[in-house]
Every structure is written in structure tokens, then in C-alpha cells.
Amino acid sequence: MMIKIDGLILEEIRDLVNSLGEPTYRGDQIYKWVYSKAVNDFDMMSDLSKEFRKKIKEVAAFTDFTLLELKESKRDLSLKGLFLLEDGEKIESVILKDADRHTLCVSTQVGCRMGCKFCNTAQVGFKRDLTTSEIIRQVLFMKKVLEDKGGKLTNIVYMGMGEPLDNIDNVIRSLEILTDENGVGFSHRKITVSTSGVVNHLDKLFSMKKVVNLAVSLNATTDGVRSRIMPINNRFPINTLLSKLKQLPLQKRKRITIEYVMLKGVNDTIEDAKRVVQLLKGLPVKINLIVYNQTIGGEYKSSDEDVVLNFQKYLTDRNFTVFIRKSLAADIDGACGQLYAKYI
Ligand code: SAH
Ligand code: SF4
């Protein structure tokens, strides 16, 4: 089996070149080419000797990661890439433009096993975890496309297909490479990982040297409703989730983003807003009320605009920071949490 070079961390690449009888710094050179210069062809690594390139090509290769389709928003620089993976599966990543920010939303799994009732990815079921390479390559590819168009990637969110903490090891490896200044060199302060509340893996995420931002999809205020729409709540009910969040070693002035998809008649009453206040008391948060994007012919609808505004007002009046997030890039079916809808 060929080793996939584009998912290895620095130490692993060093070990690999050492095992081929080459000095460690050769590993550092390759690492730079792969991640910092986004080159995925050994023959383009001009500071490596011909013989060494031949030697490494016998044991290592790049992951097949093929662009099938690139959609561009007519309105802004939003972009969506559909990629073909080695085993024929497909994934999507999207860059959303919002004010002066370009945010890349990456996928971590093909499908998702969490089964949230309102989510399109859940309809796909679970196919498999993405490898470290497949996570990284989304970033390298989309970043380059954006840069070629004169844009600059400012943020990365792990909010595409899949539950990041259900693929924790590869997610952590990808974060290490992305945030390493000799790797992709992306600031950990500009990366957010979103979870439906897989409580048992939060410690791993917070034990990283460079801790990224956390977003948590709350989406309901009672266990009854949350368990109905998010089955993960049966395993980790609201109180378990929130007491874990309260124990996390958050850095000063860091806040957890609480995501709350506004679902008409499900979680959008003032009683819910009251419970949000109770539940989140004492936790440093900012709240994103997400306008539901109804792309599957399901039973869920977005709350009416005045309901969302009232919900927001109730919370801001009680000193919470609350944003309403409209679906960006709607003309390219881009919004996070609803990727893959067209490929079921
Ligand atoms: N699995 C992770 C990250 C991917 S989902 C998680 O659940 O947090 C990213 C966000 O999109 C979640 O907050 C989810 O609640 C939301 N979401 C899912 N389907 C949506 C839809 N159709 N419209 C709007 N938001 C949606
Ligand atoms: Fe998975 Fe997140 Fe969709 Fe739930 S909302 S099914 S956790 S991708």
C-alpha cells in the first residue's frame, strides 16, 4: 500500500524520509511543498534530487481528489466545489462571502450518523469518515481557487457534511497541519469546529496546543424536543452537554458559539427563549439564530421573520450577543449544513 503523503504530520514525513535513508530536513522540505505551497506532485518539488524523487514516489503518493464541479455565486465571491474521492464518494465544500470575510466550510464525513431530523446530510446516512488528506485538500484547493480570483480566505468552519467530533482523530490531525506555521499556516483563532454535542470527544479538542473555536448546535431547550430532532441528545442530554461546556478550559475572552436553527412551531417560542437564558446563564457564549433552509421536502419550516426577531430581542435584552444568520450563497445551494442535498 502506498502511503498518502498529504495527510501526514511533520514527524511522520520526517520518519518516512529517514526510513528511505535521507536526512530529516528532506522531510521538512516535502512538508513545506505539500502544505505551504499546496503542490501535489513530487516532480514539482524542485529542491529534491531526481533520485530522491524517484525513491519517494515508490512508497508514497498523493490522495486522488478530483474537482467535479465548481459553482460560483453570481452575487458575490461565494464558491462551491464538488469533489470526487478515491472510492467514488463525493463531498462538497463551500466558501461563503460575508461582508469582508471569506469563510470556507469543510466536510469531515461522507454523510453523518447523527441523524438530526431537520438536516439534509442526515438523509444521506453515514458512508464513511474523511481521511486527514481529504479534509486538508478541501482547504488547499478552495483557498487556491479563491486566491486565483483575487480573494483571500479569512475563516474556516468545520460545518459541512458530517459530525467533526465523530471523526475526531482525523479532524485533530487536519487542525494540527492547518494551524502549523510551517504547514498551511492558518490561524487557529480563525477556525471553528461545530458539533452537535458529542461530549466525550470535547476534551481531545481542547487538549490541542492551539485550541480552535467551538460552536455547539443546541437547537432546542428541552430534552423532549432535542431528543426528537437530534438523537445524540439521548446519549448526551442538554444538562450533560452544558455542564461539560462550563468545564472547558476556555481562554480569556473566548466565547462558545451556540447555534440555534429556528424551526417553526418546534423551538421558537418565548418560553424557549426563556429557557435559553436559563440554560446559558454563566457560560461565555454568542448565539447564532440560524434561518432554516428548507431544501428537503420535510416537515420542518423556518420560523417567521418576526418570530426570529422577537426571539433575538428577548435574548439581547438579557445581555446576550445574538446574530441572525441568513443562508448565504443560497443561489449555489451553498449554506452550511445542507451540502450534498442534490446528490442523495
Ligand atoms: N455536525 C455539526 C456540523 C455540521 S451542521 C453540527 O451539527 O453542528 C452545521 C450547522 O448547520 C448545525 O448547527 C446544524 O444545526 C445546521 N443545519 C443543519 N441543517 C440545516 C438547514 N437545513 N438549514 C439551516 N441550518 C442547518
Ligand atoms: Fe450530522 Fe450536524 Fe446534520 Fe446533525 S446537523 S445530522 S450532526 S451534520
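How far is an oxygen atom of ligand 1 from an N or O atom in the side chain of Ser217? Some notes on this predicted model, starting there.

1. The Ser217 distance comes out at 2.6 Å, taken from an oxygen atom of ligand 1 to an N or O atom of the side chain. Ser194 offers a similar kind of contact: an N or O atom in its side chain sits 2.6 Å from a ligand 1 oxygen. With Gly162 the backbone does the work, as one of its polar backbone atoms is 3.0 Å from a nitrogen atom of ligand 1.

2. Now for how enclosed the ligand is. On its own, ligand 1 would expose 540 Å², and the protein buries 96% of that. Three elements each give two or more residues to the shell, namely β10 (191-195), β12 (256-262) and β13 (285-291).

3. The shell itself has 20 residues, with Gly162, Ser194, Ser217, Asn219 and Asn293 the closest. By class, the shell residues split into ten polar, eight nonpolar and two charged.

4. Turning to α2, this helix covers residues 24-36, so 13 residues by DSSP. From first C-alpha to last, α2 reaches 18 Å, close to the 18 Å expected at 1.5 Å a residue. Right after α2, have a look at Ala38, which takes a positive phi of about 55°.

5. Plenty to check on the packing side too. The buried residues in α2 are Arg26, Gly27, Gln29, Ile30, Tyr31, Trp33, Val34 and Tyr35. Their cover includes α1 (10-19), α3 (50-59), α5 (132-148) and α6 (168-179).

Definitions and conventions. Residues numbered from 1 in each chain as written. Chains lettered and ligands numbered in written order. Predicted model: local features only at pLDDT ≥ 70, side-chain atom pairs only at ≥ 80, totals over all residues. Heavy atoms only, no water. Helix = DSSP H or I, 4+ residues; strand = E, 2+ residues; numbered from the N terminus. Expected span 1.5 Å × (residues − 1). Buried < 20%, exposed > 50% of the residue type's maximum accessible area, 1.4 Å probe, protein only. Contact = heavy atoms within 4.5 Å. Near = heavy atom within 4 Å. Polar contact = N/O pair within 3.5 Å; in protein donor to acceptor, adjacent residues only side chain to side chain. Areas by Shrake-Rupley, 256 points an atom, 1.4 Å probe, with all protein chains shown as cover. Nonpolar A, V, L, I, M, F, W, Y, C, P; charged D, E, K, R; others polar.
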